[in-house]
Amino acid sequence: MLDFALRLGFELKLCQPYRAQTKGKVESGVKYVRGNLWPSLRFTDDADLNRQTLEWCDTVANARDHGTTHRVPLDMLAEEQPHLGKLPEERGLAPYLREDRTVARDGYVSFEGSRYGVHWQWAGSTVQVGVRAGTVEIWAGDRRIAMHPRAQSPGRRFTLPGQWEGLPTGGEGPGKRAVAVQVAAGAVERRSLEVYELAAGGVR
């Protein structure tokens, strides 16, 4: 959180534990949305939810007479806008928009129902996955280790070029001791059949 504040240029002020009054009106906005927008909302997906919420903000929440200031929020925003700083660039926010994932033993990362490959040496590691301009990027700290097209439907699998390069095949380890050993066949003595007849008590 401190890194986020320093990167975006704002100051953190901690509130005292179990002292709700030290938070001012910050949490009242959540209560207002929960009690006014959410109960009657019907939406089909994230895009529809965002569209309806923005429309509600413009036509209801920001157009009403605010209970604390007794002014219309849109009118106050017009006055304050020239004094506000610029919004941060998306590039600076990218590290905070990624999600942690663990690379599976087969070298793939699960994200949004599809699987994205990284080099096999990252198996078992925790990486960060983010979406940018229709692509899925996989990062290990500040290092981008893979980039794939974003799946248009779940169940897809994307293999990274060179994903298995350098993977040991297992043939370099010590071999197992043989249980049986083949030996060269010995010389067999050749005898006359008369010898066997005499051994059996036969008469010539």
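The following questions and answers concern helix 3 and several strands of a predicted model.

In this predicted model, local features need pLDDT of at least 70, side-chain atom pairs count only at pLDDT 80 or more, and totals for chains, interfaces and linings use all residues. Residues are numbered from 1 along each chain as its sequence is written, and side-chain values use heavy atoms, with hydrogens and water left out.

Reader: Which residues of helix 3 are buried?
Author: Helices (H or I, at least four residues) and strands (E, at least two) are DSSP runs, numbered from the N terminus. Buried means under 20% relative accessible area, exposed over 50%, partly exposed in between (1.4 Å probe, protein chains only). In helix 3, residues 46-61, the buried residues are D48, L49, W56 and A61.

Reader: Why do these residues lie on the same side of helix 3?
Author: The arc is that of the directions from the helix axis to the C-beta atoms. The buried residues share one side of helix 3 because they cover an arc of only 120°.

Reader: Which exposed residues does the face turned away from the buried side carry?
Author: The buried residues pack against helix 2 (28-36) and helix 4 (73-80), where contact means heavy atoms within 4.5 Å. The face of helix 3 turned away from them carries the exposed residues A47, L54 and T59.

Reader: Which residue stands opposite I138 in strand 6?
Author: Two strands pair if DSSP finds at least two bridges between them. Strand 5 (residues 135-140) and strand 6 (residues 143-149) run antiparallel and are joined by 6 bridges. Opposite I138 stands A146.
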